[in-house]
Amino acid sequence: TINFYLLFILLVSTTLIQVKAQNIEEAIRLSHAGKYNEAEIVFTKLLDNDEKNVNILIASGFNNAWNKKFFAAKNRFQSALKIESFNQDATKGLAYSYLYQGCFPKAARIFSDLSKIHPSSEEYHIALGLAYMNMQKKNKATTEFEKAFKINNGNKEVKKYLSQIKTEKA
């Protein structure tokens, strides 16, 4: 009977994990399809049952950010960081939430740290450049965009930002 009981627990646990994985995949699919509110309903139900699941918190954070609900996104990323303080995806999501909310100094501080940890990340240099640009720190923005350009000299977005700064300086 002990083996039967263990087998039953294993079967139920496996089924619950599969259902949870399917629900996460469904929420992500909905989010990528632009059905952010529907996706958030699924994420919220998942978090009701597993409030400390960092992956769900992060996925929900990005879903909210894509839906331009930056305060909700920020809260999800901060909750994830309370659980895993060095989670790079949550940190990046929080930085982008600050950037899109117009909290440029906070975004710059985080992207600066990320770009030091990952100096070959074009993405972090661009984001840091944007934060500096919006803070009217043109020289720092130029430096970051030039770093991004050295990583990928075919990036038209970076060329546009460098040109824009040059025009504004003139």
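This note sets out points on the overall fold, helix H7, the nonpolar core and three loop residues of a predicted model.

1. Overall fold. The secondary structure of this predicted model consists of nine helices and zero strands. Along the sequence, the pattern therefore reads α-α-α-α-α-α-α-α-α, helices being taken as DSSP runs of at least four residues. Of contacts between residues at least 6 apart in sequence, 43% join residues at least 24 apart.

2. Burial and surface. The protein has 170 residues, and 40% of them count as buried. The exposed surface comes to about 10,500 Å², of which carbon and sulfur atoms supply 56%.

3. Geometry of helix H7. Helix H7 covers residues 122–134, which makes 13 residues. From its first C-alpha to its last, H7 reaches 18 Å, close to the 18 Å expected at 1.5 Å a residue.

4. Surroundings of helix H7. Eleven of the 13 residues of H7 are buried, so this helix is largely enclosed by the rest of the structure. The buried residues are Glu122, Tyr124, His125, Ile126, Ala127, Leu128, Gly129, Leu130, Ala131, Tyr132 and Met133. The list thus includes Glu122 and His125 as well as residues such as Ile126 and Leu128. The cover over the buried residues of H7 includes H5, helix H6 (104–117), helix H8 (138–151) and helix H9 (156–169).

5. The nonpolar core. The largest nonpolar core contains 45 residues. Within this core, the residues with the most contacts are Ile58, Leu99, Phe111, Ile126 and Phe145. H7 gives the most to this core, with eight residues. Ile126 is also one of the buried residues of H7.

6. Ile58 and its partners. Ile58 is among the residues with the most contacts inside the largest nonpolar core. Leaving aside residues up to four places away in sequence, Ile58 touches Phe77, Ala80, Asn87, Asp89 and Ala90. The contact with Asn87 leads to the next point.

7. Asn87 in its loop. Asn87 sits in the loop between helix H4 (70–83) and helix H5 (88–101). Its relative accessibility is 13%, and because the cut-off for burial is under 20%, Asn87 counts as buried. The Asn87 side chain makes a polar contact with the side chain of Glu84 at 2.9 Å. The Asn87 side chain also reaches the backbone nitrogen of Ala90, at 3.0 Å. With residues up to four places away in sequence not counted, Asn87 touches Val54, Ile58 and Leu81.

8. Lys68. The loop between helix H3 (54–66) and H4 holds Lys68. Phi of Lys68 is near 60°, a positive value in a residue other than glycine. With a relative accessible area of 64%, Lys68 is exposed.

9. Gln136. Gln136 is found in the loop between H7 and H8, just after H7. Phi of Gln136 is near 65°, again a positive value in a residue other than glycine. Its relative accessible area is 57%, so Gln136 counts as exposed.

10. Points to inspect together. On the graphics screen, the loop residues may be viewed in turn: Asn87 is buried, whereas Lys68 is exposed and Gln136 is exposed. For the core, Ile58 and Ile126 are among the residues with the most contacts; Ile58 touches Asn87, and Ile126 belongs to the buried residues of H7.

Definitions and conventions:
Residues numbered from 1 in each chain as written. Predicted model: local features only at pLDDT ≥ 70, side-chain atom pairs only at ≥ 80, totals over all residues. Heavy atoms only, no water. Helix = DSSP H or I, 4+ residues; strand = E, 2+ residues; numbered from the N terminus. Buried < 20%, exposed > 50% of the residue type's maximum accessible area, 1.4 Å probe, protein only. Polar contact = N/O pair within 3.5 Å; in protein donor to acceptor, adjacent residues only side chain to side chain. Contact = heavy atoms within 4.5 Å. Expected span 1.5 Å × (residues − 1). Core = buried A, V, L, I, M, F, W, Y, C linked by side-chain atoms within 4.5 Å. Areas by Shrake-Rupley, 256 points an atom, 1.4 Å probe, with all protein chains shown as cover.
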